[in-house]
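Me: I have a model open and want to learn to read it feature by feature. Can you take me through it?

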Amino acid sequence: MSSNLPPEDEILDSSLRPKNWADYVGQEKIKENIKVIIDAAKQRGQSPDHLLLYGNSGLGKTTLAQLVALEMGKKIRITSGPAIERAGDLAAILTNLQEGDVLFLDEIHRMHKSIEEYIYPAMEDYKLNLILGKGPMARTMELKLPRFTLIGATTRPGLLSTPLRNRFGGTFQLNFYKPEDIEKIVERSARLLQIQIEPEAIKIIAKRSRFTPRVANRLLKRVRDFAQVKNHGIVTSEIAKLALDSLEVDHQGLEPGDIKILLALIEKFDGGPVGLQSLAAAALEEEDTILDLYEPYLMQMGFIERTPRGRVASKLAYEHLGIKYTKTNTFI
């Protein structure tokens, strides 16, 4: 997904990205499989197969793509589905690639369907067939392309067409990280940012990071600010709690948006079941925002359950919000 970070944080975010496989914590099975694909391609003297990575935002899809390029010793070109509006845009990107380069296409599910017709032969035969002109004067021009590896990333794999999905040689789902892996990521980022941090503070930040590296790094940087102003730059457990409480990130990692959705579900719909459209209207949020940003974590934590009739707030959600639970859940 596109970054909304301020420029300084974008630079920091980039500096914290792992530059080798050893520094990339978590997703062990995926790393192992991708390394096999790369090693096999190297032995054959070819580019690796096209790869599709899917999973929630902030789990490391872009970093994986960059590691593939680094491992192959090639350059990476990064763009996104919405940025490719016309066939000419795609042609400009593909014809500027060098042999063996990696093209990372973020939010590939948002690529216009008309562009897909052009990308199929590019992926399969490394050719681009452009139609020049209109009507009786129209003609087709074939451009040969260098062999490249397309790495697509998406948070919504179900929105990809079957023909496009089937053209990827490997498809991998990135899952939420284990708490111990998030702690390692926070510790590494603190070291790179030269932050003095206590072990207990690392655990506190990791626990509230939604099992997501990008969130962990974001919270670490905000905690660093509080430590700099209030404690001479030293991050103690007390400073970490103060900072995260001030940012309204509770002990389970829930933020105001999560709470708003749970309260809407419980107070306006008696805990559900309720459809996504009605829930979005009640919470004053976009449906896609709920689907991509809030719901995956709320489901991971067991606060929301999906049923054939709609979303339902679990007993855990009531307990977390301090609301008495009286439902029998016979509708599930």
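Me: Is Tyr 126 buried or exposed?
Reply: Buried counts as under 20% relative accessible area. Tyr 126 has 12%, so it is buried. Keep in mind that this is a predicted model.

Me: Where is Tyr 126 placed?
Reply: Tyr 126 sits in the loop between helix H5 (113-125) and strand E4 (127-132).

Me: What should I notice about the phi of Tyr 126?
Reply: Most residues other than glycine have a negative phi. Tyr 126 is not a glycine, yet its phi is positive, about 55 degrees.

Me: Which other residue has a phi near 55 degrees?
Reply: Asp 270, again a positive value in a residue other than glycine. Asp 270 lies in the loop between H11 and H12, just after H11.

Me: How do I read the length of helix H11?
Reply: Compare its span with the one expected at 1.5 Å a residue. H11 covers residues 256-268, 13 residues in all. From first C-alpha to last it reaches 17 Å, close to the expected 18 Å.

Me: Which residues of H11 are buried?
Reply: Gly 257, Asp 258, Ile 261, Leu 262, Ala 264, Leu 265 and Ile 266.

Me: What do the buried residues of H11 pack against?
Reply: Three helices and two strands: H12 (276-283), H13 (287-300) and H14 (315-321), plus E10 (304-307) and E11 (310-313).

Me: Now the sheet. In what order do its 5 strands run?
Reply: Read across the sheet, strand by strand. The order is E2-E3-E6-E1-E7, the sheet is open, and the pairing is parallel. At the edges are E2 (76-80) and E7 (170-173), each pairing on one side only. Neighbouring strands are turned by 15 degrees against each other on average, direction ignored.

Me: How many bridges join E2 to E3?
Reply: There are 5, and the two strands run parallel. To fix the register, take one pair: Ser 80 stands opposite Asp 106 in E3.

Me: Why is E3 described as largely enclosed?
Reply: Count its buried residues. E3 spans residues 102-106, and 5 of the 5 are buried, so the rest of the structure largely encloses it. Then check which way the residues point. Val 102, Phe 104 and Asp 106 point one way, Leu 103 and Leu 105 the other, and all are buried.

Me: How many bridges do E1 and E7 share?
Reply: E1 (residues 51-54) pairs with E7 over 4 bridges, in the parallel sense. Within that pairing, Leu 52 has Thr 171 of E7 as its bridge partner. Helix H2 (residues 28-44) packs on the sheet there, touching E1 and E7. The direction of H2 makes about 160 degrees with that of E7.

Me: Which residue should I look at in the loop between H2 and E1?
Reply: Look at His 50. Its relative accessible area is 6%, so it is buried. The side chain of His 50 reaches the backbone nitrogen of Leu 150 at 2.8 Å. Beyond neighbours within four places in sequence, the contacts of His 50 include Met 123, Tyr 126, Phe 148, Arg 167 and Phe 168.

Me: What confidence does the protein chain have?
Reply: Start with the average, then go to the elements. The mean pLDDT of the chain is 85, and 91% of the residues score at least 70. Among the elements, E1 has the highest mean, 94, and helix H1 (residues 7-15) the lowest, 53. Over residues 1-12 the pLDDT is below 50. That stretch has 13 contacts in the model beyond near neighbours in sequence.

Notes: Residues numbered from 1 in each chain as written. Predicted model: local features only at pLDDT ≥ 70, side-chain atom pairs only at ≥ 80, totals over all residues. Heavy atoms only, no water. Expected span 1.5 Å × (residues − 1). Buried < 20%, exposed > 50% of the residue type's maximum accessible area, 1.4 Å probe, protein only. Contact = heavy atoms within 4.5 Å. Pairing = 2+ DSSP bridges. Axes fitted to C-alpha atoms, helices over the stretch in contact; angles between N-to-C directions. Polar contact = N/O pair within 3.5 Å; in protein donor to acceptor, adjacent residues only side chain to side chain. pLDDT = per-residue confidence, 0-100.
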